[in-house]
Number of protein chains: 2
Amino acid sequence: MPKRVDHRERRALIADALMRVAAEQGLEAVSLRHVAAAAGVSAGMVQHYFRTRDEMMTFALAVVRERNEARVTRAVAALGATPAPRTLLRTMLAELLPLDEERRADGRVALAFLAYTAVRPAVAAALHDETAALLGFVAGLIRAGAGERVDPERAAVGLLAVMEGLGIYLLGGHYPPATALAALDTQLDLLFGPGA
Amino acid sequence: MPKRVDHRERRALIADALMRVAAEQGLEAVSLRHVAAAAGVSAGMVQHYFRTRDEMMTFALAVVRERNEARVTRAVAALGATPAPRTLLRTMLAELLPLDEERRADGRVALAFLAYTAVRPAVAAALHDETAALLGFVAGLIRAGAGERVDPERAAVGLLAVMEGLGIYLLGGHYPPATALAALDTQLDLLFGPGA
DNA sequence: GCGTTTACATTGCAACTGCAATGCAAAGGG
DNA sequence: CCCTTTGCATTGCAGTTGCAATGTAAACGC
């Protein structure tokens, strides 16, 4: 094998540049040449690693999701062993909100992707599964923590919707971060009872 | 004044075509020529009414918002005079969810716009004001109906977030309409007490 | 009837797009 | 030492984009 380079590293580098472009100028500005320029490489090299634009997009979406997963995993690990369900939930969901500039950038990309996949249902399947898994997990936590107060499944749908909606509002600059967090805590109060 | 035509009507016709294109192929497919073709007119005419693409987009966003307002107004009017706060809220919010194909189409456009405005903060200002107004109204209803149970402002933020988030999930096909409505009702149960 | 204004059509163009094709350099294996 | 494979650059091309410019037709004021 000649000319050994780390294929995955290169792809990550390019995806990184893609993210910067998408976050700054929107997904529609993401082109082979733009991304190449942002990455400081030739357009041909981008094409070498992603043969089509769609391939690039799909990979970038996977990157965003992996980042989120890593963020959540790290934050949850910092809680120590066996945290209370409510604490665990609050940590996870707060970590998924675009509260700082880094997560805002990721959030913009994710939002653009949402609009992108709304027209290409095939691509949306991956998101679909992820939501279902997350939903099950959240429902389990609610069942463990809130007992008979609510239907865990329905409450989980609502809670995830709160998170998603707050994310949208944060990205749009409709609320400051503190307001979103307060709303999240209020929601958890409603589910688990106040002051837990 | 020669050649009198209803300017607003023409613009609405074009905006209509824009909506169709955007809903079917995404906002990035919205071009002067595409919209013109969809409207069955010449590209020049589109250009006559909207000098730039951005102008077209901004107008289309206004159309979506007007449609939503009209839908809500009509649904609320059908409730008769002085409905209970919870009933009023449920009617309003359910009307804003993309539950049928017509509203799904509008929702896709709105979602694309969200991503669009996330990069052009100037355009987002209008949305900003609308959210603030809606928020105040919802908070008032919660205060009237739920009394001391919750902080109306925070609860209103959460409730609107639920609506927005459910909308996203519905557009992505993550949930069927019934699940979204159930989640909405669960949320209202949490705020107003069950069975009201 | 003339001129001005509005409505719309057509054409043109520079910029940009995704993508294929081609070319070359380097690094192994034989 | 060649030769195949891989990494990357360059070029070319057909298609599309937004937008300006130019043209024509119609309707009104005078």
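## Two chains, two cores and a helix

A rotation of 179° with 0.0 Å of shift along its axis lays chain A over chain B at an RMSD of 0.1 Å, in a least-squares fit on the C-alpha atoms of residues with pLDDT of at least 70 in both copies. The two copies are thus related as by a two-fold rotation axis. They also share a surface: 98% of the contact residues of chain A recur in chain B, where contact means heavy atoms within 4.5 Å.

This is a predicted model, in which local features need pLDDT of at least 70 and side-chain atom pairs need 80 or more, while totals for chains, interfaces and linings use all residues. Residues count from 1 along each chain as written, chains are lettered from A in the order written, and side-chain values use heavy atoms, without hydrogens or water.

Now to the cores, sets of buried (under 20% relative accessible area, 1.4 Å probe, protein chains only) Ala, Val, Leu, Ile, Met, Phe, Trp, Tyr and Cys residues joined through side-chain atoms within 4.5 Å.

| Core | Residues | Members include |
|---|---|---|
| Largest nonpolar core | 67 residues | I142(A), I142(B) |
| Second, separate core | 66 residues | M57(A), I14(B), A36(B), V64(B) |

In the largest core, I142(A) and I142(B) touch the most other members.

Let's finish with helix α1(A), a DSSP run (H or I, at least four residues). Its 19 residues, 7-25, should span 27 Å at 1.5 Å a residue, and the end C-alpha atoms are 27 Å apart, which agrees. At the N-terminal end, D6(A) acts as a cap, with a side-chain oxygen 3.1 Å from the backbone nitrogen of R8(A). After the helix comes G26(A), with a positive phi near 90°.

Definitions and conventions: Helix = DSSP H or I, 4+ residues; strand = E, 2+ residues; numbered from the N terminus. Expected span 1.5 Å × (residues − 1). Polar contact = N/O pair within 3.5 Å; in protein donor to acceptor, adjacent residues only side chain to side chain. Buried < 20%, exposed > 50% of the residue type's maximum accessible area, 1.4 Å probe, protein only.
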